[in-house]
Amino acid sequence: MGATAEPAVERESEGGGRGTEEEGREEKLGGEELKDVERGEVGFRKGVDGSYQHPTEYNASMLRGLHPTNPLRIVINGGTRVTTPSPVHASIPRSTPTPSYPSVPRSTPTPQSITTLNSRKYTNKFSLFLFLLHLVIAVGLVGFLVFKGIQGLIESSEDIKKWEKTVLKYYVPQVEAASFLSITLAFAWQKAVREWPKLMVPFILWSTFVTSLSAGALLLCFQTPPTDGVGVCFIAFAICNGLYACWVSQRTKFCCIMFLKSLEPLSKFPDINRPIYAMLGAGFLWMSLWNLAVIGALNFKFTPLIIILLALSLAWVTEVMRNIANITVSRVIALYYLRGMQSSTQFCFQRALTYNLGSACLGSLFVPTIEALRIVARGLNLLQGEDEFMFSCANCCLGLMDFIFKFGNGWAFVQIAAYGKGFVKASQDTWELFERQEMVRIVDSDITSSICFLTGVCSGSICVIVAAAWTVKVHGGFTATISLHAFCVGYLMTRIAMALPYACVSCYYVCYAENPQNRLFDETIRDRQKMIESRQEVVVPTPRVPARFRRA
C-alpha cells in the first residue's frame, strides 16, 4: 500500500565501523515520482481511493517511528532511512523530519552581528596606556611612602616618631572605621533600591538633605576655623539639595517606575553582584594602603602637595573601578535585552578588565566633568538678569555643554559593553539613537545619576558624623581633616555599589532606543513620550545654546 522505500544496506567497514548506502530512492508509483521526505519535497499525493493527501498527513502515515537501535534512522513503511543533515548544520542531529514548503526563506544570524558582540579590540588604547602608567607610578609612590612611614617610626628623630605615632593612633582608626561603615552603607543602599524603588527615590532625596545638614551643624558646633569652614560647605550643599529635591518632585514618580522596570532582569542573574564585591574589596585594600602612605608623606617638606596628588589618584582609580562594574553589568543586561542571552557575569567582568578598560579610564575622566558642567549649566540658565558678563558666561558654558554631550555622556557605557566601541564613538551613536527615537527630552530629564550621586553624598555625610564625633573626643585637631577624608571614602565606596542600578536603567534606555519593538519592553517610554508631547507632563531638559546665539 503506497510507495515503498528500500532499506539502507548496512556494510561492515574495514575499520570496524558500519557504512550505509541508499538505493532505489527514485521509484515511481503510477508515473508519479516520490519526493524526499526529509527534505520536505513532498507534494500532494494521490491515495488508493483517488483522494489527495496533504503533505503533513502523508508524512504522518509514512513515519511509523524511530529505528530501535539508531535514533538517526527513521522507519518508513517497514524500511529504514538515514537522515542526511544539511552541510551547514551537519553537526546538529535531527530526530524527526520537519516538513518545509518551497519559497520560504530561512533567517540566519548575520556574521557581522556575532563578531560585533564579541569584539576583541582594545578600546581607547592611549587612555589605557596613561592609566596603567599612572597606576604603576601610584603603586610605586604608595609603596615608597609606606616604607618611609615604617622607617620613620623606627629610625627617625623623636619628634618625627611622636608625630607619626600620633597620626597612626588617632587618625588611621577613624578612617578605617569609615571604610567599613561605607561598605555596609553601600550594600544597604543598593539592596534597598532593588527591593523598594518607589520608596527609596524620595527617601534618598530628603535623607541626603537631612544628613548633610546634620553633618554641617555638628562641625559648626566644634567652633574651630577648620571645622567651621567644612561645616559651612555641608550646610550650603544641604540648602542646594533641598531646593533640588523640590524642583524634581514631579519627576520622582517616573524615576521610580524606571527603577522598577529596569531592575526586573536581575533575578535571572544571581551572581551579578560579584563584580561589585571584587571592586569594593580592591577599593578597601587600596584605601588602606593610601592611609599608610599619608603617614609616610609626613616625612617630606611638600606634604600637602603629595597628599593632593594621592587624593587625585585615588579618585581616578575608584572611578575606574566603578565604571568597570558599570560596564560588566551593562554587558550582562544589554545582551539580555538585545539578544535574549543569559551571558556569564565572570566572562563580562573579564572583558571589562581587558578590552573595555581603556574606555572605562577615559569615561572616568569625562563623565564626572560632564555631570559637574551639567549642574553649572542648569544653574546659569536660571540667571535671567541683564548682566552682560553673566549672560556671556552662560552662553559659553551652554555651548560647551552642547558639544560635550555629543562626544561624551554617561549613556555610552552600554554600547561600550555590548559592542566594544570606543568612548567617543559610543557616545555619538547613543545620542543619535536618542535623537532618532525622540527620547532626548526623556533622558535629559532623567534623575537616575542624581539619585546615585546623592546616595554617595548621604553615605559620606553619615561617615562624617561618626568620624567627627569620634575624633573630637580623642584628638580635636584632626577633626576637619578626618571629616573630609571620611566623606570621600563613604562617597566613593557607595558610588561603586550604586553602579548596578545605574547600569540597569542605562541599559533600559539605550536598548529601547535601539529596538523599541522588543517584546521585553512595555509601553512605559511610549506613554511618557505621549504625555510630554501632549504637555500633560512637564520636563526640564538640560539647557542648550539658544538659537539666537548659534549664529556666527
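A nonpolar surface patch is made of nonpolar side chains joined within 5 Å, from residues with over 30% relative accessible area and no salt bridge. Keep that in mind for one spot on this predicted model. Phe126, Phe129, Leu130, Leu133 and Ile137 make such a patch, of about 530 Å². One of these residues, Phe129, has its place in helix H3.

Now step back to the whole chain. The protein chain has 20 helices and 9 strands. Of its 552 residues, 46% count as buried. The chain exposes about 28,400 Å². Carbon and sulfur atoms supply 63% of that area. Next, look at who touches whom. Take the contacts with a separation of 6 or more: residues 24 or more positions apart account for 73% of them.

Aromatic rings come next. A pair of aromatic rings is described by two things: the distance of the centres and the angle of the planes. The structure holds 25 aromatic pairs. Start with Phe131 and Trp316. Their rings lie 5.2 Å centre to centre, with 80° between the planes, and the pair is edge-to-face. Where do Phe131 and Trp316 lie in the chain? Phe131 is in helix H3, which covers residues 125-155. Trp316 is in helix H10, residues 303-339. The two are 185 residues apart, so this pair links distant parts of the chain.

Are Phe131 and Trp316 buried or exposed? Buried means under 20% relative accessible area. Phe131 has 5% relative accessibility, so Phe131 counts as buried. Trp316 has 15%, so Trp316 counts as buried too.

A second pair is Tyr512 and Phe521. Their ring centres are 5.7 Å apart and their planes stand at 85°. Planes over 60 degrees apart count as edge-to-face, so the rings of Tyr512 and Phe521 are an edge-to-face pair. Both Tyr512 and Phe521 are buried. They also belong to a wider group. Which residues form one aromatic cluster with Tyr512 and Phe521? The other members are Phe269, Tyr336, Tyr337 and Tyr508.

Rings can also meet charges. The charged end of Arg251 sits over the ring of Trp247, 5.3 Å from the ring centre. The charged end of Arg528 sits over the ring of Phe254. Here the distance to the ring centre is 4.3 Å.

To retrace the path, find helix H3 again. Phe129 of the nonpolar patch has its place there, and so does Phe131, the partner of Trp316. Then turn to Tyr512 and Phe521 in their aromatic cluster.

Terms used. Residues numbered from 1 in each chain as written. Predicted model: local features only at pLDDT ≥ 70, side-chain atom pairs only at ≥ 80, totals over all residues. Heavy atoms only, no water. Helix = DSSP H or I, 4+ residues; strand = E, 2+ residues; numbered from the N terminus. Buried < 20%, exposed > 50% of the residue type's maximum accessible area, 1.4 Å probe, protein only. Contact = heavy atoms within 4.5 Å. Areas by Shrake-Rupley, 256 points an atom, 1.4 Å probe, with all protein chains shown as cover. Phe/Tyr/Trp six-rings, centres within 6.5 Å; stacked < 30°, edge-to-face > 60°. Lys NZ or Arg CZ within 6 Å of the ring centre and 35° of its normal. Patch = residues over 30% accessible without salt bridge, like charges linked within 9 Å, V, L, I, M, F, W, Y side chains within 5 Å. Salt bridge = Lys/Arg side-chain N within 4 Å of Asp/Glu carboxyl O.
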